[in-house]
Amino acid sequence: MTDARQGPALDVESGEWDLLGRYWDAANYLTVAQIYLQENALLRRPLRVEDIKPRLLGHWGTSPGLSLIYAHLNRLINKTGAHILFVAGPGHGGPAVVANLYLEGSYSEIYPEIGQDDEGLRRLVRQFSTPGGIPSHVGPPTPGSIHEGGELGYSLMHATGAVMDNPGLIVACVVGDGEAETGPLEASWKAPAFLNPRRDGAVLPILHLNGHKISGPTVLGRQSDEQVMALLRAHGWDPVVVSGTDPGQIHPHLAQALDAAHARITEIQHQARLHGSTGPAPWPAIILRTPKGWTGPDVVDGVPVEGTFRAHQVPLSGVRENPAHLAQLERWLRSYKPEELFDDAGRLVPELAALSPSRPLRMGSAPWANGGPDMAPLPLRPLETYALDVGVPGAAKHETTKPLGLMLRDIYLDTASDPRFRLFCPDETNSNRLGAVFEATDRCLMEPTGESDEHISAGGRVMEVLSEHLCQGWLEGYLLTGRHGLFASYEAFAMVSASMTVQHAKWLQHARELPWRYPVPSLNILLTSTCWRNDHNGFSHQGPGLIDTVLSLSGSVVRVYLPPDSNTLLATAEHVLSSKDYVNLIVVDKQAHPQYLNLNDARQHNAAGASIWRWAGNTGDSEPDIVMACAGDVPTEETLAAAWLLQRHVPQLRVRVVNVMDLLVLPPRDVHPHGLPDTEFEALFTADRDVVVAWHGYARAFHQLLHGRKNPGRFHVRGYTEQGTTTTPFDMVVLNRMSRYHLALEALDRVGRHIDGMDALRAHCQEMLDKHERYIREHLEDLPSIREWTWTPPARGLPGAPGSQPNGEGGDGHE
């Protein structure tokens with residue numbers, strides 16, 4: 001705490017506001033220099049055309065406000081010793097944040113080639129928005145950041161997730177007024193209903209209203225202070241307004257607002273930790289109104305710029321062609337008096353450098369922005385604790401996700417004294433058969449509870465809110481600060497936050513390339529209530545599109561698993577909850593499904609990623625006539641039934657069954673690190689036999705994975721084809737032509753030769769499809785022969801024994 005107070009105390013009567021104003025000038029100067037200059041970084045000589053970058057990129061409009069806030073947060077840290085993480089919501093505020101990181105010294109510590117001297121300044125300005133340099137966003141290369149503002153709307157939810165189970169942290173979250181128009185950000189204002197001051201840190205929202213987006217006004221920017229304050233108050237915040245165009249007035253007012261906010265946060269937490277939490281805390285929030293592009297050009301070519309949308313990007317865009325623009329740019333840069341801000345060696349002058357906090361408390365060095373100060377793995381009990389006892393494969397059914405719920409319950413129990421795990425789910429924890437977690441904790445809600453409520457309390461650590469954006473965004477903030485979690489959602493509605501998944505994967509991809517970024521726990525997404533089993537829901541609930549979205553991302557960070565039963569789901573969960581720097585997508589239905597593998601076989605199957613299920617075929621060690629492959633729980637059951645039909649009716653037909661649970665073993669190794677070598681791929685699927693595939697998702701996604709394999713045209717994929725309604729489970733596979741009968745017919749057509757029994761089986765399959773259609777219309781449920789079907793050996797003396805056997809060459813697991 002002593003180090004944190006070394007910075008000078010600012011007193012309006014002692015003239016220290018002028019000192020803070022000069023620090024702000026330095027940040028603004030470096031921001032403009034990054035946008036425009038490639039040489040002559042400190043204007044040691046008159047500005048020339050060759051000093052200007054050939055391409056002028058970047059966003060000036062939001063930058064002065066970000067630098068103002070950053071400078072004042074430094075002051076607050078110096079005064080109080082607070083641990084503050086800075087989240088910049090405005091999309092293109094990168095140059096301002098980088099400027100402040102450079103001034104405080106954090107940037108040069110991470111990137112020593114960008115030193116605190118003339119050459120370092122030259123490299124600083126040249127790298128911005130140039131090839132091989134840094135982007136205009138506050139992204140992974142930016143020290144102190146857990147949030148990239150490229151796709152707007154996620155800043156406040158990331159900030160909220162970051163402070164959960166993080167009692168000593170304050171996240172100062174700047175929300176731009178353009179960003180505030182997005183749906184995710186609007187939902188994020190609900191944070192006070194879920195933050196418990198007894199065990200969580202605090203979020204301090206700073207809603208920066210500069211009035212304009214890229215080409216027009218913002219809604220909140222045009223509303224009155226009373227309207228905006230009413231909005232925030234309705235969500236539980238206690239806002240104040242700081243407004244003005246005169247820096248001399250803004251500085252003391254903003255400092256006073258931040259001092260009061262910190263004092264209020266401290267008091268709220270003190271009372272809650274002393275006496276408990278009795279309801280949502282009236283957390284402070286600041287509404288800051290300042291001009292867009294403040295301190296920049298007032299007018300350009302006779303048109304107003306400062307305080308208008310024209311200040312959004314590059315106010316002077318013709319400086320290389322227009323001498324008047326070049327001269328105006330030089331006047332703008334010199335208005336900050338760089339010769340008074342930096343010494344002859346290019347270093348920030350001592351009296352300004354002293355305004356930055358000492359290193360442990362610099363926002364650019366905040367450990368929470370790089371995996372947290374004490375990231376630890378989850379304690380995972382042996383899977384034998386939860387595994388199902390599977391006898392004859394497929395003979396018994398069980399709700400597949402229920403054992404996972406028991407596993408998650410024990411994670412909660414085993415981290416009770418060191419909270420670092422949360423489940424995030426949109427009001428569907430029980431529906432997803434994960435309700436065992438409520439034996440260990442409750443749903444979190446700070447609002448009043450009623451007599452009829454179940455498992456709801458302020459101390460709960462299951463985060464249920466009917467917003468996929470909030471669930472995933474909170475989890476991302478939680479993970480990036482070093483904790484662990486799981487986001488469970490109905491499959492179709494995970495597409496609501498699909499773009500967030502893309503953005504997080506991009507963050508991880510770039511973060512992995514930075515040696516100073518520590519690995520963080522993976523984003524684990526569990527999709528249940530899948531497209532194939534929505535008995536009482538309709539077409540709207542049917543859509544496997546998130547698989548396609550994830551498969552399009554970098555193979556270095558994405559993994560897709562389709563465990564066919566409970567034990568493989570447990571083995572998958574054990575892996576993903578221990579992994580780092582991945583987006584793990586797990587797709588498995590919550591309903592009762594056949595169980596196939598004991599735990600040992602499940603582990604082997606999980607490690608291999610794809611296996612020959614010898615007990616389900618009749619080939620022994622010989623080559624098959626046809627390969628029946630499956631990926632997903634419903635496709636697995638239909639494939640096994642089809643294989644049963646083929647062996648029962650055409651006993652001379654040699655059938656092999658292959659189950660794929662790690663989808664990314666399918667592409668070649670140069671496409672994805674899990675991809676099987678050709679020899680192992682052909683050990684599973686043969687080198688030349690046709691393969692009939694029953695697949696959980698869209699057929700195009702499966703075909704995409706096979707690109708680069710030899711003769712991929714021999715794979716005949718049946719999957720979801722956007723055919724659905726409120727209907728029976730078996731009718732869903734019939735509508736999409738993936739039923740056991742369709743698969744058997746496809747196999748017969750692909751064998752390439754006639755075998756006794758084929759014609760009779762074709763007739764049987766068509767007869768059963770016709771019978772199904774009539775029966776469900778009359779009886780409103782599936783045929784008894786479908787509902788009651790379980791796997792049994794289709795004939796005596798078949799080779800193989802119960803159990804799963806990975807392909808002979810093995811896989812390479814989940815590295």
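## A first look at the fold

Student: Of the contacts between residues at least 6 apart in sequence, what share joins residues at least 24 apart?
Tutor: In this predicted model, 79% of those contacts in the protein link residues at least 24 apart.

Student: And how many helices and strands are there?
Tutor: The protein has 26 helices, along with 23 strands.

Student: What radius of gyration does the protein have, and what would a compact globule have?
Tutor: The protein has 30 Å, and a compact globule with 815 residues would have a value near 28 Å, so the two agree.

Student: What box do the C-alpha atoms fill?
Tutor: Along the principal axes, the box is roughly 100 × 65 × 45 Å.

Student: OK, what percentage of the residues is buried?
Tutor: Buried residues account for 64% of the 815.

Student: And how much area does the protein expose?
Tutor: About 28900 Å², with carbon and sulfur atoms supplying 50% of that area.

Student: Switching to charges: how far apart are the mean positions of the positive and negative ones?
Tutor: They lie 2 Å apart, taken over 69 positive and 95 negative charges.

Student: Now a single residue. Where is Asn-432?
Tutor: Asn-432 sits in the loop that runs between β9 (421-425) and β10 (443-444).

Student: Is Asn-432 buried or exposed, and why?
Tutor: Asn-432 is buried, because its relative accessible area is 0%, and buried means under 20%.

Student: Which residues does Asn-432 touch, leaving out those up to four places away in sequence?
Tutor: Asn-432 touches Thr-401, Cys-425, Ala-488, Ser-489, Tyr-490, Thr-528 and Lys-590.

How values were computed: Residues numbered from 1 in each chain as written. Predicted model: local features only at pLDDT ≥ 70, side-chain atom pairs only at ≥ 80, totals over all residues. Heavy atoms only, no water. Helix = DSSP H or I, 4+ residues; strand = E, 2+ residues; numbered from the N terminus. Rg over C-alpha atoms; globule rule 2.2 N^0.38 Å. Buried < 20%, exposed > 50% of the residue type's maximum accessible area, 1.4 Å probe, protein only. Contact = heavy atoms within 4.5 Å. Areas by Shrake-Rupley, 256 points an atom, 1.4 Å probe, with all protein chains shown as cover. Lys, Arg positive; Asp, Glu negative; His and termini not counted. Charge placed at Lys NZ, Arg CZ, Asp CG, Glu CD.
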